[in-house]
Amino acid sequence: MPAYASGKLIIVSNRLPFILKKNEQTLKLERKASAGGLVTAVAPVVVQGNGLWIGWAGIHLEEGEEIPESDPNDTTPTAGLRSDKVIPVDFDPQTFDSYYNGCCNGTFWPLFHSMPDRAQFSADSWKSYCAVNKEFASKTVGALENLSTVETDAGTPLVWLHDYHLMLAANSIRNVADEKNLKFKLGFFLHIPFPPWDIFRLFPWADEILQGMLGCDMVGFHIEDYCLNFVDCCQRRLGCRVDRKNLLVEHGGRTVRIRPLPIGIPFDRFVEMAKQAPTVISTSLQLILAVDRLDYTKGLVHRLKAFEILLERYPQHKDKVALMQIAVPSRTDVKEYQDLKEEMDQLVGRINGRFSTPNWSPIKYIYGCVSQNDLAAFYRDSAVAMVTPLRDGMNLVAKEFVACQIKESPGVLIVSPFAGAGEMMNEALICNPYELVEAADTLHRALTMPEDERILRMRCLRRREKVHDVDFWMRSFLKAMGTLIFEDGDDVLP
Ligand code: ADQ
């Protein structure tokens, strides 16, 4: 596991790596672990390196309430994160709602996924976004000031900002920290796509966003296309001098490095889970698996329609195939997400009503979370994974599926070219989710693919994901920041 110099790594993300809930009986605050890939990757490094984590705790803290220690039985990656290493950022609920639901999810999410018709532009929510970013910046500067009083030769503090919630924070941190003569390095990683200039320019406060991100020493994206979009926007909007070949942007007398750093998954952990997980669904049907947050960017409606066309065009699959769609509830208080839920319910009902027989229904639909072990079993036991978002920064589901394909006769991955994963998982079947007939034909090809071709494709896919796992990503980020890394055994890498 890579580690950063002791006590000098500060992670800043919208949410802390756990959320706080009040125990209804004791009325005491308790931590509830988050299990996402980011937490799994970053938390051990923070814990091992005695670093800090700044973020929102998921609850408004009352006067005098403090972050509790973790439960002694907690085995999640954040268990070792002591409460004095966690800095909660708290807001009044109205400001937070306007920042989070308004600006982050109502504006940046659709715009950055190139769906401008869904984006709302509001001066009020932008004001909240600015205020929240300032508060995050101020907490970060406070943490840097504290670190500067600690005598250590362990290197320069490294601040790592995450995602579209915090695109202004870097600039504020730099302005204040420079005045105070604090030494630090500042990096940013965007987990969603960065859109092309023609889309980005629609945002009325585009200058501020670019200037905000350029406050960093290094800005990371999943793939080179997003890097080039960002460089292009800096040149066209701010008039920066840029070097496209080396991905450099000059701004405010500094040179900012832009880097493609594709995220990976904890590959070995998924393999282990796939080996141990008991069967969840015993069926002789060929399963087509789809796993997503219920989000309009993930292409769920297009997928169901393509599956319907498969049953029309290739009736030989009736009675033999089922589409297993697992959809996690997401942003449920936003109207667009409620509408999507409604549309899915109707579509599943219509297609099942049209094709079901007494002994077979074509679609199995789970609206809810499933445990990691059950997920690993679904991934392992499916014949096809259909990962066809309309737009997606990377998409971890595609990677988790191939990790769990430990069978001698493996399944087939179908992936959209509009996901970061589609850029690099070249041995998958690439399928444009907007072309419904082509998508149905691709499904048919996957369901009937000869075993030797499946083995060859899956072997290549698995080899790449095993090497480029989430630890590799973490290490690549630290290297791109030009920071020292201590590997297991304390070898110092250049
Ligand atoms: P997300 O949009 O959340 O992430 P994704 O990368 O697919 O999308 O990650 C979803 C995660 O949730 C996966 O780890 C998956 O296992 C889990 N999950 C999905 N459905 C589930 C269910 N029903 N029950 C339990 N777990 C479920 C954002 C970007 C992505 C980018 C990641 C990481 O939008 O493009 O890949 O960040 O950078």
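I began with burial: 54% of the 494 residues in the chain are buried. The cut-off I used for buried is under 20% relative accessible area. I note here that the model is predicted.

Surface next. The chain exposes about 21000 Å². Carbon and sulfur atoms supply 48% of that area.

Then I looked up the contacts. I took those between residues at least 6 apart in sequence. Of these, 78% join residues at least 24 apart.

**Overall build**

I counted secondary structure elements. The chain has 16 helices and 19 strands. I then checked the radius of gyration, which is 23 Å. The globule rule gives 23 Å for 494 residues, so the chain is as compact as a globular protein of that length. For outer dimensions I took the principal axes. Along them, the C-alpha atoms fill a box of roughly 70 × 50 × 50 Å.

**Sheet of 9 strands**

I traced an open sheet of 9 strands with mixed pairing. Its order is 5-4-1-6-7-8-11-10-9. Which strands stand at the edges? I found strand 5 (86-88) and strand 9 (242-243) there. Each has a single partner strand, so one side of each is left without a neighbour in the sheet.

I followed the edge at strand 9. Strand 9 pairs with strand 10 (residues 248-251) in the antiparallel sense, over 2 bridges. Within this pair, Val242 stands opposite Val249 in strand 10. I then asked what packs on the sheet here. Helix 7 (residues 224-238) does, touching strand 8 (218-221), strand 9, strand 10 and strand 11 (254-260). The direction of helix 7 makes about 150° with that of strand 11.

**Sheet of 6 strands**

I turned to another open sheet, this one of 6 strands with parallel pairing. I read its order as 14-13-12-15-16-17. The edges are held by strand 14 (363-367) and strand 17 (429-430). Each of these has a single partner strand, so one side of each lacks a neighbour in the sheet.

Inside this sheet I checked strand 12 (residues 286-293) against strand 13 (residues 321-328). The two run parallel and are joined by 8 bridges. Gln286 stands opposite Val321 in strand 13. Which helix packs on this sheet, touching strand 12? I found helix 11 (residues 372-381), which also touches strand 13 and strand 14. I noted its direction: about 140° to that of strand 12.

A reminder to myself on pairing: strands of a sheet pair through backbone hydrogen bonds, either parallel or antiparallel.

Definitions and conventions: Residues numbered from 1 in each chain as written. Predicted model: local features only at pLDDT ≥ 70, side-chain atom pairs only at ≥ 80, totals over all residues. Heavy atoms only, no water. Pairing = 2+ DSSP bridges. Helix = DSSP H or I, 4+ residues; strand = E, 2+ residues; numbered from the N terminus. Contact = heavy atoms within 4.5 Å. Axes fitted to C-alpha atoms, helices over the stretch in contact; angles between N-to-C directions. Rg over C-alpha atoms; globule rule 2.2 N^0.38 Å. Buried < 20%, exposed > 50% of the residue type's maximum accessible area, 1.4 Å probe, protein only. Areas by Shrake-Rupley, 256 points an atom, 1.4 Å probe, with all protein chains shown as cover.
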